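Subject: Structure handover

Hello,

Here is the structure we discussed, for your own calculations. Below it are my notes on what was found.

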Amino acid sequence: MAGTRTKETVSDEQGLTAAGSPAWWAARQDRAEPAPRVPITLGRIIAGALELIDREGLDALSMRNLARELRTGTTTLYRYVTGKDEVLVLVADAVLGETQLRRPVAGLGWREVLEELACSMRTALGSHPNVAALFATAVPVGPNSLRGRELTLSVLRERGFDETLAADVYTAVAHQVLASVLQEPMNDFRAGGLGASKSLTLRDFYRSLPAEQYPHLVELANELTSRTATEEFEFGLACLLDGVELRLQQARTRRHRSRNTKPS
């Protein structure tokens, strides 16, 4: 008889939870809808990789981790990219694509264009500091990089720069931007503490040095440690462009003299 009661109980439970029963409907309403799968595209792969790198660093990027980030399988990713190295190249170019001019180039002087491009590029790289290291190991030649380079060179050539000066100026400004971004963490070091106790700042350390041995370090302790990364970048860029302006004037003077010199 015990076996019969068990069968009756099971039958009753099945009846209560049968499809269409009140219990079945209640359980179905409580069931969470599965999240819809977003189709994988190359754009999503790049965006997902950039988000992963921003959050966890370059070392965190692997095809397995990226697949997990996008809630898909590695096999799906390999339909779009050949591997991690290709993803990194695409991510670097996507970051450069965030460099934007706020105003049309027409009517702007070469210095205004360079200042705005440099600041915009620094903002883009500074927004993704973990990606910036990629630009220290290879010259970027993706579509966004080429467009930015072509724009800069066209502005310089159209405003009187010869071939050599235009190329050198572009390279110098790009290096100035990259160096500023890569060195920005140094500001945290200068503002933070030194040594095990973390109670001694770099400024305090300079001030504590023997004045007879390091008179200028002691004297300029505040000046050496009080500038923000942005202030240092703007000062360095201004000095660079001042020098470019001088070289441009010298080149124009040489061309003018050459045109006015008559052969004997």
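Buried positions in helix H15 are Ala229, Phe233, Gly236, Leu237, Leu241, Val244, Leu248 and Ala251. The helix itself covers residues 229-260, 32 residues in total. Its end C-alpha atoms are 47 Å apart, which agrees with the 46 Å expected at 1.5 Å a residue. Please keep in mind that this is a predicted model.

Overall composition

The chain has 264 residues, and 31% of them are buried. Its secondary structure comprises 15 helices and two strands. Of the contacts with a separation of 6 or more, 61% are between residues 24 or more positions apart. The accessible surface is about 17300 Å², with carbon and sulfur atoms contributing 55% of that area.

Helix H7 and its partners

Helix H7 runs over residues 110-126 and includes Arg111. What does Arg111 touch beyond the residues up to four places away in sequence? The list is Ala238, Leu241, Asp242 and Glu245. One of these, Asp242, makes a polar contact with Arg111, side chain to side chain, at 2.9 Å. Leu241, also on the list of residues touched by Arg111, is one of the buried residues of H15.

Two salt bridges also involve H7. In one, the side chains of Arg102 and Glu116 meet at 3.5 Å, N to O. That pair links distant parts of the chain, with Arg102 in the loop between helix H6 (84-96) and H7, and Glu116 in H7, 14 residues apart. Are the two partners buried or exposed? Arg102 has a relative accessible area of 72%, so it counts as exposed. Glu116 is at 7% relative accessibility and therefore counts as buried, the cut-off being under 20%.

In the other, Glu184 pairs with Arg122, and the closest N and O atoms are 3.4 Å apart. This pair also links distant parts of the chain: Glu184 sits in the loop between helix H10 (163-183) and helix H11 (185-191), while Arg122 belongs to H7, 62 residues apart. Glu184 counts as partly exposed because its relative accessibility is 34%. Arg122, at 12% relative accessibility, counts as buried.

Other salt bridges

How many salt bridges does a search of the whole structure find? The result is eleven. Among the residues involved, Glu51, Arg55, Glu56 and Glu69 are linked in a network. Within this network, the side chains of Arg55 and Glu56 meet at 3.2 Å, N to O. Arg55 is at 45% relative accessibility, so it counts as partly exposed.

A nonpolar surface patch

Which residues form a nonpolar patch on the surface? They are Val139, Val141 and Leu146, and together they have about 290 Å² of accessible area. Leu146 is placed in helix H9, which spans residues 143-158. Its relative accessibility is 43%, so Leu146 counts as partly exposed.

Where to look

For viewing, one place to begin is the side-chain contact between Arg111 and Asp242. The two H7 salt bridges, Arg102 with Glu116 and Glu184 with Arg122, can be displayed next. After that come the network of Glu51, Arg55, Glu56 and Glu69 and the patch of Val139, Val141 and Leu146.

Regards

Conventions: Residues numbered from 1 in each chain as written. Predicted model: local features only at pLDDT ≥ 70, side-chain atom pairs only at ≥ 80, totals over all residues. Heavy atoms only, no water. Helix = DSSP H or I, 4+ residues; strand = E, 2+ residues; numbered from the N terminus. Buried < 20%, exposed > 50% of the residue type's maximum accessible area, 1.4 Å probe, protein only. Contact = heavy atoms within 4.5 Å. Areas by Shrake-Rupley, 256 points an atom, 1.4 Å probe, with all protein chains shown as cover. Patch = residues over 30% accessible without salt bridge, like charges linked within 9 Å, V, L, I, M, F, W, Y side chains within 5 Å. Salt bridge = Lys/Arg side-chain N within 4 Å of Asp/Glu carboxyl O. Expected span 1.5 Å × (residues − 1). Polar contact = N/O pair within 3.5 Å; in protein donor to acceptor, adjacent residues only side chain to side chain.
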